[in-house]
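Q: I'd like a close look at how helices pack against each other in this model. Could you take me through it step by step?

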Amino acid sequence: MDLECLKVFSAPYYQNKDGMHNLWHIELVLQSALRLVRLGNYDVDIDKLTAAAYFHGFVGSHEEEIRRWLATEGFCGDIIEEILCFARESHATAVPRTLGGKILHDAHLIKGGKAYMVTKCLITGSLRGQTLPETIAYIENHIIGQRACYLPESKPLFEQAVGFTVDFVAELKRGLL
């Protein structure tokens, strides 16, 4: 797969996204995914994983465009379906069933290290116009205890991030009282 062509195709779909959901976000997910592949010594097609990572942010809204683009790049039906499956399974709230989906899903949750989760929530909440108490409530109701990793290599990393987030939110709430 031609990575530059993939980036050129994907870039317009990320143009209007915030700084925590743009192509930089995709690069972080892919970096974490490749790390998980190495740690787990997983036998997975890196081209399929890479394509699915780039499609992560717009697979739900532009699946037909992705299908057409993959076909023009020479991919056949079964491979296209596998890439799309990986991309759909990469979302934080998904329950992935394929190895590629599990790798991308878990990479999405552990990207950026243990402080990234709370940082992303604070920045995204601010960008959406939420007050700090609203963002804290979002973290407590939609992040902590609501997501899980599936690979043995990612579970401890995710638990560290959640633990950091729980401690950070508790300290922040104490400071706001």
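Q: Let's begin with one pair: is the crossing in which α4 passes α5 left-handed or right-handed?

A: Right-handed: that's how α4 passes α5. Keep in mind that this is a predicted model. Here's a handy idea to carry along: a packed pair of helices is described by two things, the angle between the axes and the distance between them.

For our pair, helix α4 covers residues 63-72 and helix α5 covers residues 77-89. Their axes come within 10 Å and cross at roughly 140°. That angle makes α4 oblique to α5. You can find the touching residues yourself: α4 brings E63, I66, R67, L70 and A71, and α5 brings I80, E81, I83, L84 and R88. Sort those by class and you get six nonpolar residues, four charged ones and no polar ones.

Now try α2 and α6. Helix α2 is residues 23-40, and it packs with α6 at an angle of about 120°, the axes being 8 Å apart. These two are therefore oblique to each other, and the crossing of α2 and α6 is right-handed. On the α2 side, look for H25, V29, S32, A33, L36 and V37; they meet I103, L104, D106, A107, H108 and I110 in α6. In this contact, eight residues are nonpolar, three are polar and one is charged.

Next up, α1 and α3. Helix α1 runs over residues 3-14 and helix α3 over residues 46-55, and their axes come within 9 Å, crossing at roughly 15°. That makes α1 roughly parallel to α3. The crossing of α1 and α3 is right-handed. From α1, the contact uses L3, L6, K7, F9, S10 and Y14, while α3 supplies T50, A51, A53, Y54 and F55. The class count for α1 with α3 is eight nonpolar, two polar and one charged.

One more stop, since α6 turns up again: the largest pocket, with a volume of about 580 Å³. It has 27 lining residues, and the closest to its centre are H21, A92, H108, K120 and R147. You've met H108 already, in the contact between α2 and α6. The elements giving two or more residues to the lining are α6 (99-110), α7 (116-127) and α8 (132-143). Of the elements, α7 gives the most, with six residues. By class, the lining has 11 nonpolar, 11 polar and five charged residues.

Notes
Residues are numbered from 1 along each chain as its sequence is written. This is a predicted model: local features need pLDDT of at least 70, side-chain atom pairs count only at pLDDT 80 or more; totals for chains, interfaces and linings use all residues. Side-chain values use heavy atoms; hydrogens and water are left out. Axes are lines fitted to C-alpha atoms, for helices over the stretch in contact, and angles run from 0 to 180 degrees between N-to-C directions. Helices (H or I, at least four residues) and strands (E, at least two) are DSSP runs, numbered from the N terminus. Angles under 35 degrees count as roughly parallel, over 145 as roughly antiparallel, 65 to 115 as roughly perpendicular and the rest as oblique. A crossing is left-handed if the near helix is turned anticlockwise from the far one by less than a right angle, and right-handed if clockwise. Contact means heavy atoms within 4.5 Å. Ala, Val, Leu, Ile, Met, Phe, Trp, Tyr, Cys and Pro count as nonpolar, Asp, Glu, Lys and Arg as charged, and the others, Gly among them, as polar. On a 1 Å grid over the protein atoms alone, a cavity is a set of points where a 1.4 Å probe fits but cannot get out, and a pocket is an open set with protein on both sides within 12 Å along at least five of seven lines; lining residues have an atom within 4 Å of a point. Grid points are joined across faces, edges and corners, and a volume is the space filled by probe spheres set on the points.
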